[in-house]
Amino acid sequence: MAVQRREITWTHDFESALKDASKKGRQVLIDFSAAPM
Amino acid sequence: MYPNATVAEFIEQHFVPVRLHVKEQADDFKRLGGRYNAQWTPTILIVDPSSAEERFRIEGFLPVADFMGQLRLGVAHAAFARQDFAAAERMFGEIEERHGGSDAAAEAQYWSGVSRYKGTGDASALVGTARRFRERYQDTNWAKKASVWG
């Protein structure tokens, strides 16, 4: 069975993400990455 | 890991996801990597939005199934940290069911018992957890940690 693919909509603004997450009642997930872009 | 639809859906439902690439976001990678002591890639941090404190960390690659278990642990640990022990216990229990046999499930078995104890004040939760470790996940560090309870 083929693996379903879906891309995540990432933000690169950590401080804005904190505010957004606070409003939504979620945690922030930070991915420190060196993967090829 | 990320183009996988299961992983992507879970992350978008439970988190606000921030990517800091070592080259593309070099300044923030260095600044926040220093702040949170992220010394390897990939490092995934789960951060509380009100305090900006780290709640959970995943370092290095994992296959999808294991990564999902660790993400669920992160959500459960965040609930524990805000002292929502009933929610934490429920989440840890779900991890044991969904990811049975995995490293995440062994950790979840430990913290499920701790969450119950913290939520109820009933020490028999810890004794029961030690007993559960004699039946399952006996060869893990979590079993060693629980062994002191009985």
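**Figure 1. Aromatic pairs, beginning with one that crosses between two chains.** This predicted model holds nine aromatic pairs, counted over all chains. One of them brings together A:F14 and B:Y36, whose ring centres are 6.0 Å apart. The planes of these two rings stand at 80 degrees, and any angle over 60 counts as edge-to-face, so that is the name for this pair. To find the partners, look for A:F14 in helix 1 of chain A (residues 14-24). On the other side, B:Y36 sits in the loop of chain B between helix 2 (26-35) and strand 2 (43-47). Are these two residues buried or exposed? A:F14 has a relative accessible area of 1%, so A:F14 is buried. B:Y36 has a value of 7%, so B:Y36 is buried too.

**Figure 2. A cluster of rings in chain B.** Start with B:F80 and B:F85, whose ring centres lie 5.1 Å apart. Their planes meet at 70 degrees, so this pair is also edge-to-face. Both B:F80 and B:F85 are buried. Now widen the view: ring pairs join B:F80, B:F85, B:Y110, B:W111, B:W142 and B:W149 into a cluster. One member of the cluster, B:W142, has a neighbour to look for as well. B:K145 lies over the face of B:W142, at 5.3 Å from the ring centre.

**Figure 3. Where chain B meets chain A.** How many residues does each chain bring to the contact? Chain B brings 42 residues and chain A brings 29 residues. Between them the two chains bury about 3600 Å², and 59% of this area is on carbon and sulfur atoms. On the chain B side, pick out B:V16, B:V18 and B:R19. Together they supply 21% of the area that chain B buries against chain A, which is more than any other three residues.

**Figure 4. Salt bridges and polar contacts across the interface.** Four salt bridges are found across the interface of chain B and chain A. In one of these, A:R6 pairs with B:E12, and their closest N and O atoms are 2.8 Å apart. Polar contacts can be counted here too: 21 residue pairs, both residues at pLDDT 80 or more, are in polar contact between chain B and chain A. Which elements of chain B help to form the side that touches chain A? Helix 1 (5-14), strand 1 (15-21), helix 2, strand 2 and helix 3 (64-81) each supply at least two residues.

**Figure 5. Backbone features in a loop of chain B.** Most residues other than glycine have a negative phi, and most peptide bonds are trans. Against that background, follow the loop between helix 2 and strand 2 of chain B, where B:N37 lies. B:N37 is not a glycine, although its phi is positive, at about 55 degrees. With a relative accessible area of 44%, B:N37 is partly exposed. B:P42 lies in this loop between helix 2 and strand 2 as well. A cis peptide bond joins B:T41 to B:P42, with omega at about -10 degrees.

**Figure 6. A positive phi at B:Y137.** Where should you look for this residue? B:Y137 is in the loop between helix 6 (124-135) and helix 7 (141-146) of chain B. Its phi is near 65 degrees, which is a positive value in a residue other than glycine. B:Y137 has a relative accessible area of 11%, so B:Y137 is buried.

Note on methods. Residues are numbered from 1 along each chain as its sequence is written. Chains are lettered from A and ligands numbered from 1 in the order in which they are written. This is a predicted model: local features need pLDDT of at least 70, side-chain atom pairs count only at pLDDT 80 or more; totals for chains, interfaces and linings use all residues. Side-chain values use heavy atoms; hydrogens and water are left out. Rings of Phe, Tyr and Trp (its six-membered ring) pair if their centres lie within 6.5 Å; planes under 30 degrees apart count as stacked, over 60 as edge-to-face and the rest as tilted. Helices (H or I, at least four residues) and strands (E, at least two) are DSSP runs, numbered from the N terminus. Buried means under 20% relative accessible area, exposed over 50%, partly exposed in between (1.4 Å probe, protein chains only). A charge sits over a ring if NZ of Lys or CZ of Arg is within 6 Å of the ring centre and within 35 degrees of the ring normal. Contact means heavy atoms within 4.5 Å. Buried area is the accessible area (1.4 Å probe) that two parts lose on being put together, summed over both. A salt bridge is a side-chain nitrogen of Lys or Arg within 4 Å of a carboxyl oxygen of Asp or Glu. A polar contact is a pair of N or O atoms within 3.5 Å; within protein, one must be able to donate a hydrogen and the other to accept it, and residues adjacent in sequence count only if both atoms are side-chain atoms.
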